[in-house]
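Welcome! Here is a short tour of one protein for a reader who has not met it before. Take a look at the model, and then we will walk through it together.

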Amino acid sequence: MNKRILLVLFVLFVTTACSGEFGELTRVDVQHVTPGEDNAGVDMITDADSIQTIRDVMKEIQWEDKNASMVRKADVRAVYYYEQEEDMPERLVEYDIWFTDKPVFAVIMSEEEGRRYGVVRPEQGAILRDMFVK
């Protein structure tokens with residue numbers, strides 16, 4: 001009986017610890033990339049509703065652990081700030097994001113734990129584009 005309880009507690013602990021992969025998303029800095037320039041400015045997203053929307057979109061991404069490359073530069077570079085513990089430095093995760101039209105979708109690449117990419121469905125791609133591209 002005690003072994004079962006310990007096993008259940010262990011599984012709950014591992015599941016809970018892994019559910020917030022990087023911690024709590026608190027801020028997103030979006031750097032707009034324009035052809036011929038390194039960047040065209042940075043926007044900071046901190047309001048709770050926008051952060052929750054970004055969290056929801058990120059949960060929908062099916063990540064592939066494969067090397068991928070794109071022909072053109074990313075449309076935006078987004079830096080996600082994750083708070084892991086109080087009074088500790090935030091963890092930064094950088095994403096390069098490409099948007100396409102008809103239908104709108106996004107390809108997201110991250111250097112985190114190797115080169116990974118994910119494709120965002122059209123509904124979520126439109127949401128991200130509206131939030132990230134001004």
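A residue is called buried when its relative accessible area is under 20%, exposed when that area is over 50%, and partly exposed in between, using a 1.4 Å probe and protein chains only. Helices (H or I, at least four residues) and strands (E, at least two) are DSSP runs numbered from the N terminus.

This is a predicted model, in which local features need pLDDT of at least 70 and side-chain atom pairs count only at pLDDT 80 or more, while totals for chains, interfaces and linings use all residues. Residues are numbered from 1 along each chain as its sequence is written, and side-chain values use heavy atoms, with hydrogens and water left out.

**The overall plan**

The protein has three helices and seven strands. Along the sequence they follow the pattern α-β-β-α-β-β-β-β-β-α. Of the 134 residues in the protein, 31% are buried.

**One helix and its buried face**

Helix α3 covers residues 122-132, and its buried residues are Q124, G125, L128, M131 and F132. Where do the buried residues of α3 fall when seen down its axis? They lie within an arc of 130°, so they line one face of the helix. That arc is taken from the directions from the helix axis to the C-beta atoms. An α-helix has 3.6 residues a turn, so residues three or four places apart point the same way.

**A buried glycine in a strand**

G118 sits in strand β7, which spans residues 116-120. Is G118 buried or exposed? With a relative accessible area of 0%, G118 is buried. G118 and W63 are 55 residues apart in sequence, yet their C-alpha atoms are 4.5 Å apart in space.

**Salt bridges**

A salt bridge here is a side-chain nitrogen of Lys or Arg within 4 Å of a carboxyl oxygen of Asp or Glu. By this rule there are eight salt bridges. The table shows three, including the distance between nitrogen and oxygen.

| Pair | N to O distance |
|---|---|
| R72 and D75 | 2.8 Å |
| R77 and E94 | 3.3 Å |
| R129 and D101 | 2.6 Å |

In the pair R72 and D75, R72 is partly exposed at 39% relative accessible area, and D75 is partly exposed at 23%.

R77 and E94 form a salt bridge too. This pair links distant parts of the chain, with R77 in strand β4 and E94 in strand β5, 17 residues apart. R77 is partly exposed, at 30% relative accessibility, and E94 is partly exposed at 42%.

R129 has D101 as its salt-bridge partner. Here, too, distant parts of the chain are linked: R129 is in helix α3 and D101 is in the loop between β5 and β6 (105-110), 28 residues apart. R129 counts as partly exposed at 25% relative accessibility, whereas D101 counts as exposed at 54%. Elsewhere, E60, R121 and E123 are joined into one network by salt bridges that share partners.

**A charged patch on the surface**

Which residues form a negative surface patch? They are E83, E86, D87 and E90. Such patches are made of residues with over 30% relative accessible area and no salt bridge, with like charges joined within 9 Å. Asp and Glu count as negative. Within the patch, D87 lies in the loop between β4 (76-83) and β5 (91-100). D87 is exposed, with a relative accessible area of 75%.

Notes
Patch = residues over 30% accessible without salt bridge, like charges linked within 9 Å, V, L, I, M, F, W, Y side chains within 5 Å. Areas by Shrake-Rupley, 256 points an atom, 1.4 Å probe, with all protein chains shown as cover. Charge placed at Lys NZ, Arg CZ, Asp CG, Glu CD.
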